[in-house]
Amino acid sequence: MSFLSTLYSAYAEIFLLVMVSVILIADLFTAGRTKTVTYLLVQVTLLGCSLITVATHRDGIDHLFHHMFVDDLMSDVLKLLSYMAISMMLVYSRSYLLARGLFSGEFLALVLFSLLGMMVMISASNFITLYLGLELLSLSLYAIVALQRDSAIATEAAMKYFILGALASGLLLYGMSMLYGATGTLDVNAVSSAIQHGVPNKALLVFGLVFVVAGLAFKLGVVPFHMWVPDVYHGAPTAMTMLIGTAPKLAAFAFVMRILVEALQPLMVHWSGMLAILAVLSMALGNISAIAQTNLKRMFAYSTIAHMGFLLVGVLSGSNEGYGSAMFYAVVYVIMSLGGFGMILLMSREGFEADKLSDFKGLNQRSPWLAFMMLLLMFSMAGVPPTVGFYAKFAVLNAAVQAGHIPLVILAVLFSLIGAFYYLRIVKLMYFDAPESHERIYMQPDSSLLISLNGLGVLILGILPGTLMSVCAVSVQQSLLLPH
Amino acid sequence: MMELLQTIEQAGQGLLGPFWGPLWTLVKIVVIVAPIMGGVAYLTLAERKILGYMQDRVGPNRVGYWGLLQPIADGVKLLMKEIIIPTGANKFLFVAAPVLALVPALVAWAVVPFADGMILANVNAGLLYILAMTSLGVYGIIIAGWASNSKYAFLGAIRSAAQIVSYELAMGFALVCVLLAAQSMSLVDIVKGQQHGYGLLGWYFIPLFPMFVVYFIAGVAETNRAPFDLAEDESVIVAGFHTEYSGMGFALFFLAEYANMILISALTSVFFLGGWLNPFEGWPVLGAMTAWVPGLFWMLAKMSVFLFIFLWFRATFPRYRYDQLMRLGWKVFIPLTLVWVVVVAAWMQTPLWFW
Amino acid sequence: MMTIETIVFYLFAALSVFAGLRVITARNPVHAALFLVLAFFSMAGIWLLLEAEFLAITLVLVYVGAVMVLFLFVVMMLDVDLVQLREGFWRWFPIGALLAAVMVGEMIWVLGNRQTAETGAEVIKHAADYSNTKELGRLIYTDYVYPFELAAVLLLVAIVAAIALTLRQRRTAKRQDVAQQVAVKRNDRVRLVSMPASARVSTQAQPDEAAASDQQKH
């Protein structure tokens, strides 16, 4: 028992891995095209993981596996949100994938593997584990995007994703190896204290930092490393796009926190400048390009770029409020894009993708409730009060103002005003245009319930953001132990 | 014997100083390689004789008594033949390929112990070294097939590449069991690990019997011997990868194939049959009676048995079809070896492990 | 000081740089792959000099012995159209060259820095009984057990992904089921029919004669 109890904080990961293996085997013995048994097993696994994560939570920071694994409040919160995002994504996409013959046991297993990758990233306290988690996540995602083999566009998306992802990993590893060369350690906390105690070669350190930031930017998909985002979002089947665009952003946030804040906090003067450039470019290009899109998935891709820019604004503030608000922003972004992609999935049916803007014309006449949900989601993405998107943007900007980045804040406000245009255009299409088809929208009861929860959640969280905000603030504060 | 070697060693040191070391190693290499080459030559004769008897013929008997000079005659013939380089062939690679085939077959011998202390280099990762070197032999074949600019040669090369990669996995896993049992990767330690004073009962072929079989069969496949000789499938693709070779180029491939056979026999003996150990060691009467027999004899005897089995296979089994070959490798051997690795690892934790 | 080791090191280093250059400049993809093999070999040599024999041999075993064989397999089978590959090369050359120049410049700036040059540590020499394999094993199964297991999961994902992406059951393909073939019983294939004795022979024929003719028929 003593051996098992040393693994206490990692029970959730272990449980997940065991369950994936069980699911992989169980799937072979369950007949049927609908994969109901496998699907239920996956949902049970996610539920089990949540229970374990809650049950094994302990105050303070726990290190495991020779300081390679960290368990703190931030990791627990982010993991719980990841389970939720994955579970919602599966509910939304089930009928869509079934109609396209993509709902296979391998798909479900790969989704869980990607979740494992996210959990590893979230709980990593060593460059090696950070990298391995990232690769586990990415590899699963590449395969998931490529699963629709008969579609040339999906295959192309997978290729682009894979090649640019590999390039990004290369950059990241190169940077990490330089940091290792400069500090002599791969441990996140040890790197930080080594830098604080003075490193003989500052140039090598900054050089490594540049590569790390470039690699991170690739993975986050911020300008000028964003080229893959629109193509992958557009080319992948919508359910896969939803997977890429939601939960992994939480892991990416954790990745940024672990590597830039925990390990390289002493270099903040250097990286906050770089992030500022990335953030401004992303917000500008993302919001402006999104206007020109006629495809909703592509539009969401550019909006993701813009949102990631916003998230970086929170991070580069360099204060606890900044990190807390960035975490809040990431969580809110995940909830919003779950709803947004969920909408496309709901409206799609066999042989038809509702991914054009024109497909939403006159939605109010076809289904007023769905149109209202979409309205809430779009308002939230645009940052219109009283939805939660407004509060998220506000919190980030507030932190940036406190940190003294006034010009940055002005630019951010300007670009989100531009961004509001294309979100509100959808609202206009839904309410003021005539529908192109009057076909009824068939919805599964589970996913229609979920979209209602999702849409209302955006509203309720916007009216009462206090709890989530304080959870984010406290978890960041407790986890990073910053000298503030 | 040992004293004599030591006097030579001292005399050499005194005479040549720092140059003695490399020179002495060279001498050792020659002492190992020359008998192997001789062995190869006479293995071809043995093959023809044994195949002959198995097929109710007498085999070669014209050159020398019982055909004993036949290998020399063959060698001379091949030496005299014109070397033809096909048009459109990549000349450099075409010439280099036979060398690339032969070199790994010879280099691997560096870590093979023939008897206690009779070894060129007792490397402590010897087993890995063996695996690495045997996996290189395929380059000679692939390059030969590609550089020949011939369809048949190319098909043979492609077949060989897929085959060797497939069987190497099973081979590697079988050896993982051996290194688990011996807890060492040095071939000398592996042999010594089989010395328990019970003679052949202490050898690894008993606990690792399935691996013993898999290793040897995979070895047959790695050397491209019948029934796994799809790379030179003469009834389908002329002569496979060496279709375009004549004279010495062909002879080198031939040498490589037979040197590999001898190597696999030696390795199987070392890994599973106690190398140079006396099979009756510690037995009541036989042990005492055979105590004087040198280790080298046992090693060579064991190798001869396996070489005979190689030839026996060739005379007995029809050639595998390609999909059957792949099936055997991937669906039978690899799962079996994987399971056995776990079995051995678990078994070793119990008091029932006697080796 | 130029010891033999230093000379060997520079030999291997030069060889690997040369091979690396040829990998990207060789016109023929098969040659490029073979130069990559050479590069792996020289890197293995350098690792051997550092007493990392496990890594060196594993590099040869895994990359040269398996990965590159499959690589060559594919490269030889594919008809790589070099002309098409080279299309647009000169168009993108200036940008590529500029990027490369920037990278090289940065490298020189970092490596040429006096402080950096001094950070090179002395390589620790080990006793003759030092086993690199054993040390690596000890570390992998203690300090690095978590990343090690993660790497194993990564490989599992790769297997699942590869199978999910390539396995396609073709209904038209005929397959051989060896187990089924082996399990065949005589009765599945051969039906023994008991025939009456030949009609021409009178019913008074001897019973053993009838049996004999029956056997002949079968």
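Start with the two domains of chain C in this predicted model: select residues 1-85 for domain 1 and 131-166 for domain 2, as the domain assignment gives them. Their centres, taken over C-alpha atoms, lie 24 Å apart.

**Stay on chain C**

Now show the whole of chain C as a cartoon. You will find 11 helices and 0 strands, so to speak a plain run of α-α-α-α-α-α-α-α-α-α-α from the N terminus on. Try colouring chain C by burial next: of its 218 residues, 15% are buried. If you draw the contacts in chain C that have a separation of 6 or more, 51% of them link residues 24 or more positions apart.

**From chain C to chain A**

Bring chain A into view. Which chains share the most contacts among the 2 pairs that touch? That pair is chains A and C. Select the residues on each side of this contact, and you should have 29 from chain A and 21 from chain C.

On the chain A side, four helices give two or more residues each: H2 (11-29), H5 (105-122), H6 (127-146) and H9 (202-220). Highlight H6(A) in its own colour, since this helix is the one that gives the most, with 9 residues. Then colour the chain A side by residue class: 21 residues are nonpolar, 5 are polar and 3 are charged.

**A helix pair inside chain A**

Keep H2(A) and H5(A) on screen and hide the rest of chain A for a moment. The axes of these two helices come within 10 Å and cross at roughly 170°. Why do H2(A) and H5(A) count as roughly antiparallel? The crossing angle of roughly 170° is over the 145 degrees from which that word applies, and so H2(A) is roughly antiparallel to H5(A).

Turn on side chains to see who makes the contact:

- From H2(A), pick A:Ala12, A:Glu13, A:Leu16, A:Leu17, A:Val20, A:Ile23, A:Leu24 and A:Asp27.
- From H5(A), pick A:Gly105, A:Leu108, A:Ala109, A:Leu112, A:Phe113, A:Leu115, A:Leu116 and A:Met119.

By class, the contact between H2(A) and H5(A) has 13 nonpolar residues, 1 polar residue and 2 charged residues. Both helices are also among those that give two or more residues to the side of chain A that touches chain C.

**Across to chain B**

Show chain B together with chain A. How far apart are the nearest C-alpha atoms of chain A and chain B? They are 16 Å apart, and the two chains do not touch.

Chain B does meet chain C, though: here 19 residues of chain B are in contact with 20 residues of chain C. Select helix H5 (126-147), helix H6 (151-182) and helix H12 (322-347) of chain B, each of which supplies at least two residues of the side that touches chain C. The largest share, 9 residues, comes from H5(B). Coloured by class, this side of chain B shows 14 nonpolar, 2 polar and 3 charged residues.

**Chain B as a whole**

Zoom out until chain B fills the window. Count its elements and you get 12 helices and 0 strands, with the pattern α-α-α-α-α-α-α-α-α-α-α-α along the sequence. The radius of gyration of chain B is 21 Å, close to the 20 Å that the globule rule gives for 355 residues, so chain B is as compact as a globular protein of that length. Rotate chain B onto its principal axes, and the C-alpha trace spans about 60 × 55 × 45 Å.

Switch to burial colouring again: 45% of the 355 residues of chain B count as buried. For contacts in chain B between residues at least 6 apart in sequence, 77% join residues at least 24 apart.

**Last stop: the domains of chain B**

Colour residues 37-80 as domain 1 of chain B and 88-347 as domain 2. Over C-alpha atoms, the centres of these two domains are separated by 23 Å. Their contact takes 12 residues from domain 1 and 13 residues from domain 2.

On the domain 1 side, look for helix H2 (20-54) and helix H3 (70-80) of chain B, the elements that give two or more residues. H2(B) brings the largest share, 9 residues. Finish by colouring this side of domain 1 by class, which picks out 8 nonpolar residues, 3 polar and 1 charged.

Definitions and conventions
Residues are numbered from 1 along each chain as its sequence is written. Chains are lettered from A and ligands numbered from 1 in the order in which they are written. This is a predicted model: local features need pLDDT of at least 70, side-chain atom pairs count only at pLDDT 80 or more; totals for chains, interfaces and linings use all residues. Two residues are in contact if their C-beta atoms, placed from the backbone, lie within 7 Å. Ala, Val, Leu, Ile, Met, Phe, Trp, Tyr, Cys and Pro count as nonpolar, Asp, Glu, Lys and Arg as charged, and the others, Gly among them, as polar. Domain bounds come from an automatic or database domain assignment. The radius of gyration is taken over C-alpha atoms; the globule rule is 2.2 Å times the number of residues to the power 0.38. A residue is buried if 20 or more other C-beta atoms lie within 10 Å of its own, exposed if 12 or fewer, and partly exposed in between; C-beta atoms are placed from the backbone. Axes are lines fitted to C-alpha atoms, for helices over the stretch in contact, and angles run from 0 to 180 degrees between N-to-C directions. Angles under 35 degrees count as roughly parallel, over 145 as roughly antiparallel, 65 to 115 as roughly perpendicular and the rest as oblique.
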